[in-house]
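User: I would like to learn how to read the features of a protein model. Could you take me through one?

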Amino acid sequence: MLIRNFRQGRIIFARLDHGEDIIRQFTILAEENGIETGALCAVGALSRAILACYDQKSHEYGKITLNEPVELASCSGNISLKDGRPFVHAHAVLSDRMGRTWGGHLISGNIFAAEVYLQELSGGLPLKRVPDSVTGLYLWGNE
Ligand code: ZN
């Protein structure tokens, strides 16, 4: 188990830009505010999105493409460093007008509207993502 302790830093609320990609906007928000470690939540709506489920045997993401407007019913994620830059890892639950839901690793999403709560974490050693041979993922490492 890898454990790091942090103190709460700034809390940032942001309205993201219509038509932009949500993961890119999360990343810009972190970069422009100098946040290397943090936690985020978001709600809103996307005009289309790509979710994914990681195949634990093949070590590849199976994509779920939603080419329709959906609610961003829930989105949570974190920010840490990968290759020295802020990297966003987010998961989402998306719903359609009948309330049907899809969930998974959030690859991308075109923003219709999105509101973000971003909690900066500071005072600890930065979390850095490194390749993990067991899972095939970039996980937090002891660097
Ligand atoms: Zn994920």
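Analyst: What follows is a short walk through several features of this model, which is a predicted one.

User: Let us start with the metal. Which residues are the protein donors of the zinc ion?

Analyst: To read a metal site, list the donor atoms and then see where they sit along the chain. Here the zinc ion has the protein donors His 89 (NE2), His 91 (NE2) and His 105 (ND1), at 2.0 to 2.1 Å. Written as a pattern along the chain, the donors give H-x1-H-x13-H. His 89 belongs to strand 5 (residues 85-95) and His 105 to strand 6, so this pair ties together parts that are 16 residues apart in sequence.

User: Is His 105 buried or exposed?

Analyst: For that, read the relative accessible area; under 20% counts as buried and over 50% as exposed. His 105 has 16% relative accessibility and therefore counts as buried. His 89, at 24%, is partly exposed.

User: Next, salt bridges. How many salt bridges does the structure hold?

Analyst: The structure holds three. For each pair, take the distance from N to O, then ask which parts of the chain the two residues come from. In one of them, the side chains of Arg 10 and Glu 120 meet at 3.0 Å, N to O. Arg 10 is in strand 1 and Glu 120 in strand 6, 110 residues apart, and the pair links these distant parts of the chain.

User: What are the surroundings of Glu 120, and is this residue buried or exposed?

Analyst: Glu 120 is buried, with a relative accessible area of 13%. Its salt-bridge partner Arg 10 counts as partly exposed at 39% relative accessibility. Beyond the neighbours within four places in sequence, Glu 120 is in contact with residues including Arg 7, Gln 8, Ile 35 and Thr 37.

User: Which other side chains meet in a salt bridge?

Analyst: Arg 85 and Glu 31 form one, with 2.7 Å from N to O. Arg 85 lies in strand 5 and Glu 31 in helix 1, so the pair ties together parts that are 54 residues apart in sequence. Glu 31 is partly exposed, its relative accessible area being 28%. Asp 96 and Arg 100 also meet in a salt bridge, at 2.7 Å from N to O. Asp 96 counts as buried, at 8% relative accessibility.

User: Now the cysteines. How many disulfides does a search of the whole structure find?

Analyst: The search finds zero. To check such a result, look at the distance between sulfur atoms; a disulfide needs two cysteine sulfurs within 2.5 Å.

User: Why is Cys 41 not in a bond?

Analyst: The cysteine sulfur closest to that of Cys 41 is in Cys 75, and at 8.0 Å this is too far for a bond. Cys 53 is in no disulfide either; the nearest cysteine sulfur, again that of Cys 75, is 17 Å away. As for accessibility, Cys 41 counts as partly exposed at 41%, and Cys 53 as exposed at 53%.

User: How do I read the surroundings of a buried residue?

Analyst: Find its place in the chain, then list contacts that come from elsewhere in the sequence. Take Leu 16, in the loop between strand 1 (7-15) and helix 1 (22-32). Leu 16 is buried, with a relative accessible area of 5%. Setting aside neighbours within four places, its contacts are Ile 22, Gln 25, Phe 26, Ile 111, Ala 114 and Val 116. Leu 16 and Val 116 are 100 residues apart along the chain, yet their C-alpha atoms are separated by 7.5 Å.

User: And the surface: which residues make a nonpolar surface patch?

Analyst: Ile 11, Phe 13 and Tyr 117 make a patch of about 340 Å². Of these, Tyr 117 lies in strand 6 (residues 101-122) and is partly exposed, at 31% relative accessible area.

User: Last, the backbone. Which residues have a positive phi although they are not glycine?

Analyst: Look up the phi angle, then the place of the residue. His 59 has a positive phi of about 60 degrees without being a glycine. His 59 is in the loop between strand 2 (38-55) and strand 3 (60-66), and counts as partly exposed at 31% relative accessibility. Asp 83, also not a glycine, has a positive phi of about 55 degrees. Asp 83 lies in the loop between strand 4 (70-82) and strand 5 and is exposed, with a relative accessible area of 69%.

Terms used:
Residues numbered from 1 in each chain as written. Predicted model: local features only at pLDDT ≥ 70, side-chain atom pairs only at ≥ 80, totals over all residues. Heavy atoms only, no water. Patch = residues over 30% accessible without salt bridge, like charges linked within 9 Å, V, L, I, M, F, W, Y side chains within 5 Å. Areas by Shrake-Rupley, 256 points an atom, 1.4 Å probe, with all protein chains shown as cover. Salt bridge = Lys/Arg side-chain N within 4 Å of Asp/Glu carboxyl O. Helix = DSSP H or I, 4+ residues; strand = E, 2+ residues; numbered from the N terminus. Buried < 20%, exposed > 50% of the residue type's maximum accessible area, 1.4 Å probe, protein only. Contact = heavy atoms within 4.5 Å. Donors = N, O, S within 2.8 Å, 3.2 Å for Na, K, Ca; no water.
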